[in-house]
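Thanks for coming. I have one structure to show today, and I will keep to what can be read from the coordinates.

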Amino acid sequence: MPDSQDPISLQQTLRQHRAFAEFSEGALERLVASSPIVVFAPEEILVRQGDASDAAFFVLDGEVEVIAESSFGAVPLARLPAHSLIGDIGVLADLPRTATLRAGNSVSVMRIGRDSLLQAG
């Protein structure tokens with residue numbers, strides 16, 4: 001995992017993702033400065049289906065489970081590894097969460113707030 005205290009390393013990690021590849025250095029710097037690193041324990045819920053989409057998550061370390069809540073119970077949809085960007089569509093389109101996100105193991109994410117993402121991109 002990139003050192004959470006090293007903004008340059010975090011900027012380089014973000015730059016490798018296609019969603020951030022064209023961002024200016026200044027935009028990436030502001031994004032990293034305004035986006036806290038949050039750590040979740042195994043099986044801890046990041047967000048629930050139906051919640052407001054107030055932030056996207058960039059997975060720095062660990063694996064996130066994507067689960068749809070249905071009348072038949074929880075349906076696992078995907079397991080997303082490190083360097084995945086999650087929740088960006090809901091943030092950009094101002095839609096509620098379409099799935100629950102749960103830490104598959106110990107997970108570190110960069111929580112990118114709606115305003116920060118909109119200003120950066």
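I will go through a sheet, then the cores, then one helix, and end with two single residues.

Before that, one caution: this is a predicted model.

Start with the sheet. It is open and has 4 strands, in the order β2-β7-β4-β5, with antiparallel pairing. β2, residues 45-47, and β5, residues 73-80, stand at the edges with a single partner strand each, so one side of each has no neighbour in the sheet. On average, neighbouring strands here are turned by 30° against each other, if direction is ignored. As a general reminder, strands of a sheet pair through backbone hydrogen bonds, in either the parallel or the antiparallel sense.

Now the individual pairings. β4 covers residues 64-70 and β7 covers residues 100-103, and 4 bridges hold this antiparallel pair. Within that part of the sheet, Val64 is opposite Ala103 of β7. On the β2 side, β2 and β7 also run antiparallel, joined by 2 bridges. There, Ile45 has Arg102 of β7 as its bridge partner.

Next, the cores. Which residues have the most contacts inside the largest nonpolar core? They are Leu14, Phe20, Phe23, Leu31, Phe58, Met110 and Ile112, in a core of 17 residues. Two or more residues each come from α1 (7-15), α2 (25-33), β3 (55-61), β8 (107-113) and α4 (114-120). α2 gives the largest share, with 4 residues. Apart from this core lies another one, of 13 residues, including Phe40, Val59, Val64 and Val109. You will recall Val64 from the pairing with Ala103.

Back in the largest core, take Leu14 as an example. Leaving out residues up to four places away in sequence, Leu14 touches Phe20, Leu28, Leu31, Val32, Phe58 and Met110.

That brings us to α2 itself. Its buried residues include Ala27, Leu28, Leu31 and Val32. Looking down the helix axis, the buried residues of α2 fall within an arc of 130°, so they line one face of the helix. The face turned away from the buried side carries Glu25, Glu29, Arg30 and Ala33, which are exposed. And what lies over the buried residues? The cover includes α1, β8 and α4.

Following the chain out of α2, we come to the first of the two single residues. Ser35 sits in the loop between α2 and β1, the latter being residues 37-40. Is Ser35 buried or exposed? It is buried: its relative accessible area is 6%, and the cut-off for buried is under 20%. The Ser35 side chain reaches back to the backbone oxygen of Leu31, at 2.6 Å. Beyond its neighbours within four places in sequence, Ser35 is in contact with Met110, Arg111 and Ile112. Leu31, Met110 and Ile112 were among the residues with the most contacts inside the largest core.

The second residue is Gly113, in strand β8. Gly113 is also buried, with a relative accessible area of 14%. Not counting residues up to four places away in sequence, Gly113 touches Asp54 and Ala55. Where is Val91 relative to Gly113? The two residues are 22 apart along the chain, and their C-alpha atoms are separated by 8.5 Å.

That is what I had to show. I can put any of these views back on the screen.

Terms used
Residues are numbered from 1 along each chain as its sequence is written. This is a predicted model: local features need pLDDT of at least 70, side-chain atom pairs count only at pLDDT 80 or more; totals for chains, interfaces and linings use all residues. Side-chain values use heavy atoms; hydrogens and water are left out. Two strands pair if DSSP finds at least two bridges between them. Axes are lines fitted to C-alpha atoms, for helices over the stretch in contact, and angles run from 0 to 180 degrees between N-to-C directions. A nonpolar core is a set of buried Ala, Val, Leu, Ile, Met, Phe, Trp, Tyr and Cys residues joined through side-chain atoms within 4.5 Å. Buried means under 20% relative accessible area, exposed over 50%, partly exposed in between (1.4 Å probe, protein chains only). Contact means heavy atoms within 4.5 Å. A polar contact is a pair of N or O atoms within 3.5 Å; within protein, one must be able to donate a hydrogen and the other to accept it, and residues adjacent in sequence count only if both atoms are side-chain atoms. The arc is that of the directions from the helix axis to the C-beta atoms.
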